[in-house]
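Open the model in your viewer and keep the selection box at hand. We will go stop by stop.

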Amino acid sequence: RGDVAGFEARRAEARKRGKLLGLGISYYMEVTAAQPQEKADIQFLPTGRVRLGIGTGPSGQGHETAFAQILADRLGLDLDRIDFVTGDTDALAQGGGTGGAKSLLMGGTAVVDGAEKIIAKGRKLAGHVLEAAESDIEFSDGVFRIAGTDRAIDILALAAKARDARNLPGGLSSSLDDAGFSTGNKNTFPNGCHLCELEIDEETGAARILRY
């Protein structure tokens, strides 16, 4: 209410100066489809870097940053260690492409799914490496740790150990690499609102945006 009263006062003052003061509002809503399915390939390279391959590629939207940020957050990785790859049919077995405002809905959930699979696989491997039960292994900020102790191994070191390991017990993978898939089957509804306070000179018609 105070803001409305303030606007009315500014409008009255503007009239004294030969100006018209107006307030415009624009609200939008759209729907993003939960299809087709997207895949995220996540590979731990011998160089200590992580390759994220996904079919939804950028055309100015910044996907290369957004998807890498999701993976970095989930796996506790430094953002600059992630190599984003897209549009390479030799490297990607599946991908839905970009279009229809579905990129983060589909690609983002695929990255999350892949990261969760890697964490689950990592707990088993870390249990073997640290000589502890899988149920005693915690994961946080990129580190697998035996709960309540200082015995731990970070995810990149674990990936290297898995890659170089020989004669692993049954059920353990020699790689942390995995793939995630978009799992949602419901549409989302992005929306937003714009407000503009505009002043127009009554004599010249010149318009000036005061607040947005």
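Which residues make a nonpolar surface patch of about 450 Å²? Select Tyr27, Met29, Val31 and Phe189: these residues make the patch. Bear in mind that this is a predicted model. Now pick out Tyr27 alone. Tyr27 sits in strand S1, residues 19-29. Its relative accessible area is 51%, and exposed means over 50%, so Tyr27 counts as exposed.

**Stop two: the open sheet**

Show the four strands of the open sheet, in the order S4-S3-S2-S8. Their pairing is mixed. Which strands stand at the edges? Strand S4 (82-85) and strand S8 (178-181) do. Each has a single partner strand, so one side of each has no neighbour in the sheet. From one strand to the next, the twist averages 20°.

Zoom in on S2, residues 39-44, and S8. The two strands pair in the antiparallel sense, over four bridges. Select Asp41 and look across to S8: the bridge partner of Asp41 there is Ala179.

**Stop three: the helix across the sheet**

Add helix H3, residues 103-130. Helix H3 lies across S2, S8 and strand S3 (50-54). Against S8, helix H3 runs at about 140°.

Next, select Asp113, which belongs to helix H3. Is Asp113 buried or exposed? The relative accessible area of Asp113 is 15%, and buried means under 20%, so Asp113 is buried. What does Asp113 touch, leaving aside neighbours within four places in sequence? Its contacts are Ala179, Gly180, Phe181 and Thr183. You have already met Ala179, as the bridge partner of Asp41.

**Stop four: S5, S6 and S7**

Move to strand S6, residues 143-146. Start with the side chains. In a regular strand, side chains alternate between the two faces of the sheet. Along S6, Phe144 and Ile146 point to one face and are buried. Val143 and Arg145 point to the other face and are not buried.

Bring in strand S5, residues 137-140. S5 and S6 pair in the antiparallel sense, over four bridges. Ile137 stands opposite Ile146 in S6. The hairpin of S5 and S6 has two residues between the strands. In this hairpin, Asp141 takes a positive phi near 50°.

Now add strand S7, residues 152-154. S6 and S7 run antiparallel and are joined by three bridges. S6 and S7 also form a hairpin, with five residues between them. Select Gly148 in the turn: its phi is positive, about 80°.

Stay on Arg145. Its bridge partner in S7 is Ala152. With residues up to four places away in sequence not counted, Arg145 touches Asp136, Ile137, Glu138, Arg151 and Ala152. The relative accessibility of Arg145 is 32%, so Arg145 counts as partly exposed. For a sense of scale, draw a distance between the C-alpha atoms of Arg145 and Ile25: they are separated by 52 Å. Along the chain, Arg145 and Ile25 are 120 residues apart.

**Stop five: salt bridges**

How many salt bridges does a search of the whole structure find? The search finds 11. Look at three of them.

Begin with Glu8 and Arg11. Their side chains meet in a salt bridge at 2.9 Å, N to O. Both residues are in helix H1 (residues 2-16), three residues apart, so about one helical turn separates Glu8 from Arg11. Glu8 is partly exposed at 37% relative accessibility. Arg11 is partly exposed too, at 34%.

Select Arg10 and Glu197 next. Their salt bridge is 2.8 Å, N to O. This pair links distant parts of the chain, with Arg10 in helix H1 and Glu197 in strand S9 (residues 191-201), 187 residues apart. Arg10 is partly exposed at 30% relative accessibility. Glu197 has a relative accessible area of 3%, so Glu197 is buried.

Keep Glu197 and add Arg211. These side chains also meet in a salt bridge, at 3.2 Å, N to O. Arg211 lies in strand S10 (residues 207-211), 14 residues from Glu197. At 42% relative accessible area, Arg211 is partly exposed.

Finish with Arg10, Glu197 and Arg211 shown together. Salt bridges with shared partners join these residues into one network.

Methods:
Residues numbered from 1 in each chain as written. Predicted model: local features only at pLDDT ≥ 70, side-chain atom pairs only at ≥ 80, totals over all residues. Heavy atoms only, no water. Patch = residues over 30% accessible without salt bridge, like charges linked within 9 Å, V, L, I, M, F, W, Y side chains within 5 Å. Areas by Shrake-Rupley, 256 points an atom, 1.4 Å probe, with all protein chains shown as cover. Salt bridge = Lys/Arg side-chain N within 4 Å of Asp/Glu carboxyl O. Buried < 20%, exposed > 50% of the residue type's maximum accessible area, 1.4 Å probe, protein only. Pairing = 2+ DSSP bridges. Axes fitted to C-alpha atoms, helices over the stretch in contact; angles between N-to-C directions. Contact = heavy atoms within 4.5 Å.
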